[in-house]
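I opened this entry to look up how the strands pair, what surrounds the ligand and how the core is made up. My notes follow in the order I checked things.

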Amino acid sequence: MAERQSDYLSAEQHAAEMADYLAAGRARALELGNRGPLRLTADGKLHPDILAAYDEHGFYVFEGLIHETELGELRAGIEEMIERAPVHPGAALDAAGRPALGSDITRDSYLWTRPLADPVGGTAANGGRHPAKMAEPRPDAQAPEKIIYMMFNMCENMEAGLRVYGHPDLLAIAQSINGPDFVPYNDAIFVKQPGLGASVAWHQDGLTHWDAPNWDPGIHGFNFQVQLYDCTPANCLWVVPGTHKLGKVDIKRMVADNGGSDQLPGAVPLFCAAGGVTIVNRQALHCSFANTSENLRVSLTFGFHRHSAVLGQRGAIVVSADDVYDEARIFERSSVIATAIDARAQRFPDETPFTYQPFVGLEDQFRWDEAGRARLHDYSQKDIGI
Ligand SMILES: O=C(O)CCC(=O)C(=O)O
C-alpha cells in the first residue's frame, strides 16, 4: 500500500502531489456536459436537458447565477460573520471585545478545527459516514492552532444569507427536483481558507432511506452550494459521478483498492467562477481536500428534500428523540422559505418573487418584519435531516 500519511508532507508538497490529479479531474469534468447557465422552461421548470444531466451524474454546475450586487452583499455578510466570531473556540467575545455573533442562538454558529486537518475521516462523527481518513498536510509554522471550518445559522446571522435562501431561481430548481411541496434540510457555510482549509472526507449524505423499500436515487434530496469566490479543483467539492444511483458504496474498500490514497479514480471537481451555484445529490460520493492552494473558497450550502421523503420520519439530525417530522413540524421549518421570499422581495423589488406552493395565501403571516425576525430565532433547531 502506498505511503500517503501526509503528516509527512508540507502544504507545498501536498499541492505538488495533487497537481496531476486536479488537472485530470478538471478535464474529465469538462467532458460531462453538466455545466452552464440556468435554463428554465416557459412555465418556470428546470430545462429537461439539465434535469437529465443532473439525474445522470448526480450534480450540475450553474454558471453565473448570482448577480454581482448580491454577491457583494453575501461576501460582506461572510466577512462580518468571520469578524464577529468568538476570538477562540468557546470564547464569549469576538476579537473587538463584543459578544460573539450568534451567542444567543442554541446551535453553535462556528465549528473549528486544526488547519489542513481531516476532522471527521475515520471517526464515528456524522453516523460514521466518513470511514476513510484524508491526507493531512503539515500547515506552515505560523498557521493558527484552530481555524473556522464551518459556520451555521446562515438565515439568522446574515440577512443576505436569508435573502439568497429566497432566490427565485434556486427555489425553481428545488421545485423542479423535489416537487412543489419541497421541504428544507439545513444550511452550513464551508470556509476553506488558503493554505489552511480543512478537508471533508469522502462520504455520502443521507441517513434514513438507504434500506427503504421505496429507496431511489433522489430520495435523500440535494444540496445547493453558492460560490462566493472563484473556486478551483484544489479547493472545491469533488464528486464521483453516478454514485448517487448505487446505494451505499464501500468507501473504505474504494480507498484501500486505491492504495490507501484519497485521490479516488473517476472523481471530478465542481469548480466554477464566483456566482456559480452547484447542485449535488446528497447520495453522491463526495469530498473536499485540504486547501493547500492560495485561493479562498466560501460555499453557502443548503439543501432541500421531497415532502414525501421526510413526512413521518424521526429526526435524523437529532433535536430530541421525539422529533417526528409531522405536517406541523415540516410547515414550521418551511416557513423560513416564506420569510426569505419576503425579505428578498423587500430588497429586490424589481424581481418576480418565487411562489412557494405550501404558503400560497399565507404570505401576510410570514413577512420579514419584527415578528418575522423573532420567528426566525433558532430556526436551525428545526432543521429536517434525513
Ligand atoms: O463543501 C465541502 O467542502 C463539503 C460539503 C459536503 O460535504 C456536504 O455538503 O455534504
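Before listing partners I fixed the term: two strands pair if DSSP finds at least two bridges between them. I also noted that this is a predicted model.

Entry 1, β5 and its partners. I started with strand β5, residues 183–192, and looked at its burial. I found 10 of its 10 residues buried. Next I looked up strand β4, residues 147–151, which pairs with β5 in the antiparallel sense over two bridges. In that pairing I noted M150 opposite F190 of β5.

I then turned to strand β12, residues 297–305. I counted it as antiparallel to β5, with eight bridges joining them. Two partners went into the notebook: I189 stands opposite L300 in β12, and P184 has F304 of β12 as its bridge partner.

Entry 2, β12 itself. Is β12 mostly covered or mostly open? I recorded it as mostly covered, with eight of its nine residues buried. I also checked strand β7, residues 222–227, which is joined to β12 by six bridges and runs antiparallel to it. There I wrote down Q225 opposite T301 of β12.

Entry 3, the ligand. Which residues are around the ligand? I listed F190, V200, D205, N223, L237, H286, S288, S299 and T301. I then asked which elements give two or more residues to this shell, and found β11 (285–288) and β12. Sorting the shell by residue type, I got three nonpolar, five polar and one charged. I noted that F190, listed around the ligand, is the residue that M150 of β4 stands opposite. Likewise T301, also in the ligand list, is the residue that Q225 stands opposite.

Entry 4, the core. I looked up the largest nonpolar core, which has 104 residues. The members that touch the most other members are F59, Y165, I189, V239, L270, I279 and A340. I recognised I189 from the first entry, where it stands opposite L300 of β12. I then looked up which element gives this core its largest share, and it is helix α10, residues 327–347, with eight residues.

I finished with Y165. Leaving aside neighbours within four places in sequence, I found Y165 in contact with C155, F302, V336, I337 and A340.

Terms used
Residues numbered from 1 in each chain as written. Predicted model: local features only at pLDDT ≥ 70, side-chain atom pairs only at ≥ 80, totals over all residues. Buried ≥ 20, exposed ≤ 12 C-beta atoms within 10 Å, placed from the backbone. Helix = DSSP H or I, 4+ residues; strand = E, 2+ residues; numbered from the N terminus. Near = placed C-beta within 6 Å. Nonpolar A, V, L, I, M, F, W, Y, C, P; charged D, E, K, R; others polar. Core = buried A, V, L, I, M, F, W, Y, C linked by C-beta atoms within 7 Å. Contact = placed C-beta atoms within 7 Å.
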